[in-house]
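Me: I have a structure to go through, and I want the descriptive terms justified one by one. Please set each value against its cut-off.

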Amino acid sequence: MILSAVDIGSNAVRMLFGEVIPQKGKPPIFKKRELVRLPIRLGEDSFLQGKISKRQEERLVAAMCAYSQLLNVFDVKAYRACATSAMRDAANGKDVINRVKEKSGIKIEIINGKEEASLIFQNHIEDSLDQKANYLYIDVGGGSAELTFISQKKVVDSRSFNVGTLRMLHQTIRAEEWDEYKRWIRHTSNDYKPLIGIGSGGNINKLFKMAGKKDSKFLSYEKIKEMSDMLNSHTYKERVELLELNPDRADVIVPATKIFLTAMKHAGIEKILVPQIGLSDGIIHALYEKLA
């Protein structure tokens, strides 16, 4: 069975095509068949201008028209398309998704931060965790960060903050929001120490790949700090040319390290697991559970 998910984020649009293989008496196997990432930065419009520009609207419409054809190519049984922080903040967000539906036939849902955090957790990462350990799941996107505390394999607290890489890059994070981000982490983590981090999102995945980890799925606080210092020592142009980062990754990866390091510092986290999963994976899992 082929299922598909679209994550319409603030920094990019991700289209995931996944195969689900049921197993008798065992959990199903989830395989990524294809992941298409499109650098459509809705957040730059939404966070700076308060609405999606005509140019970005046209790009999103074109992307969704192409996606509607890919659904047929992959013979997809079901799909779900979710828009997050940028579309939530855009004054014309509903108008944009209505036009997408009219032109492509693709229905887009604008989900709130709480549902976004819930969907991210739908990938059932808890199944592979140590039941005796406590975890803080940190998902960092362009417009928001979703934080989820996990204890004994169960969600015990969760919250979404308008603390994202694009917002930080363009200095649109309110000081009160940033202070509350740190305060909530400190306050909530007191009941669940010691904590292990779990990180998701394109930037932490890229940091993990850059670190060249072969024997571990973890990154330490010290390693991320070292990489943060290295990235900050290079100009944007050098990050693209010397470090070979994509142009739409080379700028946001710097604030991403700050958001992750801040969460780890205030929660007392020494290392973070990077399973290389995210919202689109969670959507696939949720779709399968609904169909099963």
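Me: How do you know that β6 and β9 are paired, and in which sense do they run?

Reply: In this predicted model, strand β6 (residues 134–140) and strand β9 (residues 195–200) are joined by 6 bridges. Pairing requires at least two bridges, so β6 and β9 count as paired, and they run parallel. One of the bridges links I138 to G199 in β9.

Me: Which helix lies across β6, β7, β8 and β9?

Reply: Helix α7 (residues 175–189) does, and it runs at about 170 degrees to β8. Helix α9 (residues 221–232) also packs on the sheet, where it touches β10 and β11 (271–273). The direction of α9 makes about 70 degrees with that of β10.

Me: What makes β8 and β10 edge strands?

Reply: The open sheet has 6 strands in the order β8-β7-β6-β9-β11-β10, with mixed pairing. β8 (154–161) and β10 (218–220) each pair on one side only, and they are the edge strands. From one strand to the next, the twist averages 25 degrees.

Me: What is the strand order of the sheet that contains β1, and which strands are at its edges?

Reply: That open sheet has 5 strands, ordered β3-β2-β1-β4-β5, and its pairing is mixed. Its edge strands are β3 (26–38) and β5 (108–110), each of which pairs on one side only. The twist here averages 25 degrees from one strand to the next.

Me: How do you know that β1 and β4 pair?

Reply: Strand β1 (residues 2–8) and strand β4 (residues 78–83) share 6 bridges in the parallel sense. The requirement is at least two bridges, so the two strands are paired. L3 has A78 as its bridge partner in β4. Helix α2 packs on this sheet and touches β1, β2 (13–23), β3, β4 and β5, its direction making about 25 degrees with that of β2.

Me: Why are α2 and α4 called oblique to each other?

Reply: The axes of α2 (residues 54–73) and α4 (residues 93–104) cross at roughly 40 degrees and come within 9 Å. Roughly parallel needs an angle under 35 degrees, and roughly perpendicular needs 65 to 115. The crossing angle fits neither class, nor the one over 145, and α2 and α4 are therefore oblique. The crossing of α2 past α4 is right-handed.

Me: Which residues make the contact of α2 with α4, and how do they divide by class?

Reply: On the α2 side are K54, E57, E58, L60, V61, M64, C65 and S68, and these meet V96, R99, V100, K103 and S104 in α4. They divide into 6 nonpolar, 2 polar and 5 charged residues.

Me: What makes α5 and α13 roughly perpendicular?

Reply: The axes of helix α5 (residues 113–121) and helix α13 (residues 279–291) cross at roughly 75 degrees and come within 6 Å. The roughly perpendicular class covers 65 to 115 degrees, so α5 and α13 belong to it. E116, L119 and I120 in α5 meet L279, G282, I283 and A286 in α13. This contact has 5 nonpolar, 1 polar and 1 charged residues.

Me: Why are α9 and α12 called roughly antiparallel?

Reply: Their axes cross at roughly 150 degrees and come within 10 Å, with helix α12 made of residues 253–267. Angles over 145 degrees count as roughly antiparallel, and α9 and α12 are therefore in that class. α9 passes α12 in a left-handed crossing. Y221, I224, K225, S228, L231 and N232 in α9 meet I253, V254, T257, L261, M264 and K265 in α12. By class, the residues of this contact are 7 nonpolar, 3 polar and 2 charged.

Me: What makes the backbone at P194 and at Q152 worth listing?

Reply: Most residues other than glycine have a negative phi, and most peptide bonds are trans. The peptide bond from K193 to P194 is cis, with omega near 0 degrees. P194 is in the loop between α7 and β9. Q152 is not a glycine, but has a positive phi of about 55 degrees. The loop between β7 and β8 holds Q152.

Me: How do you know that the radius of gyration agrees with a compact globule?

Reply: For 292 residues, a compact globule would have a radius of gyration near 19 Å, and the protein chain has 19 Å, so the two agree. The C-alpha trace spans about 50 × 50 × 35 Å along its principal axes. The secondary structure of the chain comes to 13 helices and 11 strands.

How values were computed: Residues numbered from 1 in each chain as written. Predicted model: local features only at pLDDT ≥ 70, side-chain atom pairs only at ≥ 80, totals over all residues. Heavy atoms only, no water. Axes fitted to C-alpha atoms, helices over the stretch in contact; angles between N-to-C directions. Helix = DSSP H or I, 4+ residues; strand = E, 2+ residues; numbered from the N terminus. Left-handed = near helix turned anticlockwise from the far one by under 90°. Contact = heavy atoms within 4.5 Å. Nonpolar A, V, L, I, M, F, W, Y, C, P; charged D, E, K, R; others polar. Rg over C-alpha atoms; globule rule 2.2 N^0.38 Å.
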